[in-house]
Amino acid sequence: MAKPAVVVVGADKGGVGKTTVSRTLLDYFSANNVPTRAFDTESPRGTLKRFHPDITEIVDMTTTSDQMKIFDTLNATSPSVTVIDVRAGLLSPALASLRDIGFLDAAKAGQITFAVFHILGPSIASLDEIAETAGFMGGAKYFLVKNFINDTQFFQWDQATYQSYFNRIKDATELTIPKLNEMAYEQVEVSSVPFLKFVANKGINDEAANYSFVLRGYVRHWLANVWSEFDRIRLTDIVGSTKSGSRNS
């Protein structure tokens, strides 16, 4: 049996586009035929579940019963990758919980593959999150994600200050998510379908749709750029998939 992989996507600050990144990850794994399930911690109302209802379950990660629902089933379920979309304000507490239940020790011991996609905002407060997160990253692949989906201006950071935070985590890797045309982004939101289905002009049940050719083109181009970042970090290799050559996009 393949070693289970857990990918946590989060930020302590809200409005930085973490669920957008989670959606691109689910599309990427789908296109690469990597079996994946997802947990949406925006309980009781889930945004990720709205776009990927078939593979997503809404959980309250602060409760022991829902932690059991996620982590007691890592070896018992067929999907090899578990994506957890952590709601705003919950990243540091979630990582502390993972430490307390022994998950981080299991990751350090190589029993579980653990990756964290930390979505950064433009403020120094976002950099302070890195300092808080650093202590939990011993057994993890750690990715700092600059997400430009909301017109974020990262040049507000002094580069030396940024590097002083960035260097606190050994082997941290930067990722850049480019900005998507606003009208295209809004149309996908209204359609409530994954980016992949929007590009393919399909509805939520794979029925034929009538999305704008222009807006589909914008989404296709943007998604290709996002996926090139995932390819660059060899994401399918990280999660232990041997099927990375079978992309069907």
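In this predicted model, the side chains of R23 and E189 meet in a salt bridge, with 2.8 Å between N and O. R23 belongs to helix α1 and E189 to helix α8 (residues 182-191), so this pair ties together parts of the chain that lie 166 residues apart in sequence. The two partners differ in their surroundings: with a relative accessible area of 2%, R23 is buried, whereas E189, at 22%, is partly exposed. The pair also has company, as R23, R50 and E189 are linked in a network of salt bridges.

Helix α1 takes part in a further pairing of this kind. K18 forms a salt bridge with D85, and the closest N and O atoms are 3.4 Å apart. This pair, too, links distant parts of the chain, with K18 in helix α1 and D85 in strand β4 (residues 81-85), 67 residues apart. Both D85 and K18 are buried. As general background, side chains of opposite charge can pair when their charged atoms come close.

Another salt bridge joins K179 to E182, where the closest N and O atoms are 3.4 Å apart. Here K179 counts as partly exposed because its relative accessibility is 33%, and E182 is likewise partly exposed, with a relative accessible area of 46%. Counted over the protein, the salt bridges come to 11.

Helix α10 (residues 213-232) offers a good place to look at how helices meet. The axes of α1 (residues 18-31) and α10 come within 10 Å and cross at roughly 75°. These two helices are therefore roughly perpendicular to each other. On the α1 side, the contact is made by T20, T24, L25, D27, Y28 and A31, and on the α10 side by W222, L223, V226, W227, F230 and D231.

Helix α10 also meets α8, the helix that holds E189. The axes of α8 and α10 come within 9 Å and cross at roughly 100°, so this pair of helices is roughly perpendicular as well. M183, A184, Q187 and V188 of α8 make the contact with L215, Y218 and V219 of α10.

Y218 deserves a second look. Besides its part in the contact between α8 and α10, Y218 joins F213 and V214 in making a nonpolar surface patch of about 370 Å². With a relative accessibility of 43%, Y218 counts as partly exposed, and a value over 30% is what a residue needs to be included in such a patch.

Helix α4 (residues 91-100) can be described by its buried residues, which are L91, S92, A94, L95, A96 and L98. Just after α4, G102 takes a positive phi of about 90°.

Stepping back to the whole chain, the protein has 11 helices and seven strands. Of its 249 residues, 51% are buried. The accessible surface comes to about 11100 Å², and carbon and sulfur atoms account for 51% of that area. Among contacts with a separation of 6 or more, 73% are between residues 24 or more positions apart. The salt bridges between R23 and E189 and between D85 and K18 give two handy examples of links between parts of the chain that are far apart in sequence.

Terms used
Residues are numbered from 1 along each chain as its sequence is written. This is a predicted model: local features need pLDDT of at least 70, side-chain atom pairs count only at pLDDT 80 or more; totals for chains, interfaces and linings use all residues. Side-chain values use heavy atoms; hydrogens and water are left out. Patches are made of residues with over 30% relative accessible area and no salt bridge: like charges are joined within 9 Å, nonpolar side chains (Val, Leu, Ile, Met, Phe, Trp, Tyr) within 5 Å. Accessible areas come from the Shrake-Rupley method with a 1.4 Å probe; for residues, only the protein chains shown count as cover. A salt bridge is a side-chain nitrogen of Lys or Arg within 4 Å of a carboxyl oxygen of Asp or Glu. Helices (H or I, at least four residues) and strands (E, at least two) are DSSP runs, numbered from the N terminus. Buried means under 20% relative accessible area, exposed over 50%, partly exposed in between (1.4 Å probe, protein chains only). Axes are lines fitted to C-alpha atoms, for helices over the stretch in contact, and angles run from 0 to 180 degrees between N-to-C directions. Angles under 35 degrees count as roughly parallel, over 145 as roughly antiparallel, 65 to 115 as roughly perpendicular and the rest as oblique. Contact means heavy atoms within 4.5 Å.
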